[in-house]
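Work through the exercises below with the sequence and the 3D structure open. Try each task before reading its solution.

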Amino acid sequence: MAVEPLIELRDVNKHFGALHVLRDINLTVGRGEVVVVIGPSGSGKSTLCRAINRLETVESGTILIDGEALPAEGKELARLRAEVGMVFQSFNLFAHKTVLANVSLAQVKVRGRKRGEADRRSRELLERVGLADQAEKFPAQLSGGQQQRVAIARALAMSPKALLFDEPTSALDPEMINEVLEVMRQLAREGMTMVVVTHEMGFARSAANRVVFMADGRIIEDRTPEQFFTAPESDRAKDFLSKIL
Ligand code: ADP
Ligand code: MG
């Protein structure tokens, strides 16, 4: 598959003190690709996501978004960061703002859209994630699954080129997981480029173009879900799969 690279990490390294959390990471995510990142707790999955969005700095290596290297700071960083939306485990919505205001806020502040235009777009996106009738509510009045769908609408509102999801369903009650995964599957079908850290192996099998398996800060395997789940190569991956499947 000759896909155009949208996110590229080249020889990326990161320490937290003495702990080497990202070790020589090389990863390319093509436009329209869905890459699922899995691996044991502490293997560096969140740090990888946060590095792509420069929520963490890295010590060496290069990260490119659509061919442009992420700078350390400044206006260019803010612009490139807005190209990559992030959805966290803990929705991070503003508690004292309505659902509509949560989705509109950054459109006005970062993208410079007029309030009316932003609200129009927010309502369209809320409709897309199945929450058209919840726009005037506050986050606490929504279920966890609904709040996470608001967070996805908010990320989409920035018109990002790619979305990063860090365990988006891990904080949800089981009956709400599917409504969030279904929104993500729909985005994948529409061609959104996505990096998804998740323990939902059903989602990995059905929606991922590639599965990246991490352990101890390294990418150990980077293969199709079919290859990974039917014939993992490394002992680390075999051991991990035997524990979760
Ligand atoms: P994962 O998401 O795969 O569970 P993380 O990327 O969160 O892993 O963490 C990788 C390692 O880095 C873990 O050992 C974790 O304790 C450590 N770590 C993460 N964030 C910090 C931080 N801000 N300061 C120090 N250590 C950290
Ligand atoms: Mg994590």
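The exercises that follow concern a predicted model.

**Exercise 1. Surroundings of ligand 1**

Task: Find which residues are around ligand 1, and which elements each supply at least two residues of the shell.

Solution.
Step 1. List the neighbours. They are F16, L19, V21, P40, S41, G42, S43, G44, K45, S46 and T47.
Step 2. Assign them to elements. Strand β2 (19-30) and helix α1 each supply at least two residues of the shell. The largest share, three residues, comes from α1.
Step 3. Look for polar atoms facing the ligand. A polar side-chain atom of T47 is 2.5 Å from an oxygen atom of ligand 1. On the backbone, a polar atom of G42 lies 2.7 Å from a ligand oxygen, and a polar atom of G44 lies 3.0 Å from a ligand oxygen.
Step 4. Ask how much of the ligand is covered. On its own, ligand 1 has 560 Å² of accessible area, and the protein covers 59% of that.

**Exercise 2. A buried lysine**

Task: K45 is buried; determine what its nearest side chain of opposite charge is, and how far away that side chain lies.

Solution.
Step 1. Place the residue. K45 belongs to helix α1, which spans residues 45-52, and K45 is also among the residues around ligand 1.
Step 2. Collect its contacts. Beyond neighbours within four places in sequence, K45 touches V37, I38, G39, P40, E167, V197 and M214.
Step 3. Check the charge. The nearest side chain of opposite charge is that of E167, 4.6 Å away. A salt bridge requires a nitrogen-oxygen distance within 4 Å, and K45 has no salt bridge.
Step 4. Look for a polar partner instead. A polar atom of the K45 side chain lies 3.0 Å from the backbone oxygen of P40.

**Exercise 3. Salt bridges**

Task: Examine the salt bridges of K14, D66 and R223, and state which partner each of these residues has.

Solution.
Step 1. Recall the principle. Side chains of opposite charge can pair when their charged atoms come close.
Step 2. Begin with the whole structure. A search of it finds 21 salt bridges.
Step 3. Take K14. Its partner is E56, with the closest N and O atoms 3.7 Å apart. K14 lies in strand β1 (residues 5-16) and E56 in the loop between α1 and β4 (60-65), so this pair ties together parts 42 residues apart in sequence. K14 counts as buried because its relative accessibility is 8%. E56, at 17%, is buried too.
Step 4. Take D66. Its side chain meets that of R31 in a salt bridge, 2.8 Å from N to O. D66 is in the loop between β4 and β5 (68-69) and R31 in the loop between β2 and β3 (34-38), so the pair links distant parts of the chain, 35 residues apart. D66 is partly exposed, with 25% relative accessibility. R31 is partly exposed as well, with a relative accessible area of 35%.
Step 5. Take R223. It forms a salt bridge with E221, and their closest N and O atoms are 3.0 Å apart. R223 is buried at 15% relative accessible area, and E221 is buried at 3%.
Step 6. Look for shared partners. E4, R31, D66 and K161 are joined into one network by salt bridges that share partners.

**Exercise 4. N13 and its contacts**

Task: Decide whether N13 is buried or exposed, and find which side chain joins it in a polar contact of 2.8 Å.

Solution.
Step 1. Locate the residue. N13 lies in strand β1.
Step 2. Apply the cut-off. Buried means under 20% relative accessible area, so N13, at 10%, counts as buried.
Step 3. Name the partner. The side chain of H20 makes the 2.8 Å polar contact with that of N13.
Step 4. Widen the view. Apart from neighbours within four places in sequence, N13 is in contact with H20, L22, R23, D24, V58, E59 and S60.

**Exercise 5. Two helices**

Task: Find what the buried residues of α3 pack against, then decide whether E175 is buried or exposed.

Solution.
Step 1. Identify the buried residues. In helix α3 (residues 99-109) they include V99, L100, A101, N102, V103, S104 and Q107.
Step 2. Find their packing partners. The buried residues of α3 pack against α4 (115-128) and α5 (144-157).
Step 3. Turn to E175. This residue is in helix α6 (residues 174-189), and at 59% relative accessibility E175 counts as exposed.

Methods
Residues numbered from 1 in each chain as written. Chains lettered and ligands numbered in written order. Predicted model: local features only at pLDDT ≥ 70, side-chain atom pairs only at ≥ 80, totals over all residues. Heavy atoms only, no water. Helix = DSSP H or I, 4+ residues; strand = E, 2+ residues; numbered from the N terminus. Buried < 20%, exposed > 50% of the residue type's maximum accessible area, 1.4 Å probe, protein only. Lys, Arg positive; Asp, Glu negative; His and termini not counted. Polar contact = N/O pair within 3.5 Å; in protein donor to acceptor, adjacent residues only side chain to side chain. Contact = heavy atoms within 4.5 Å. Near = heavy atom within 4 Å. Areas by Shrake-Rupley, 256 points an atom, 1.4 Å probe, with all protein chains shown as cover.
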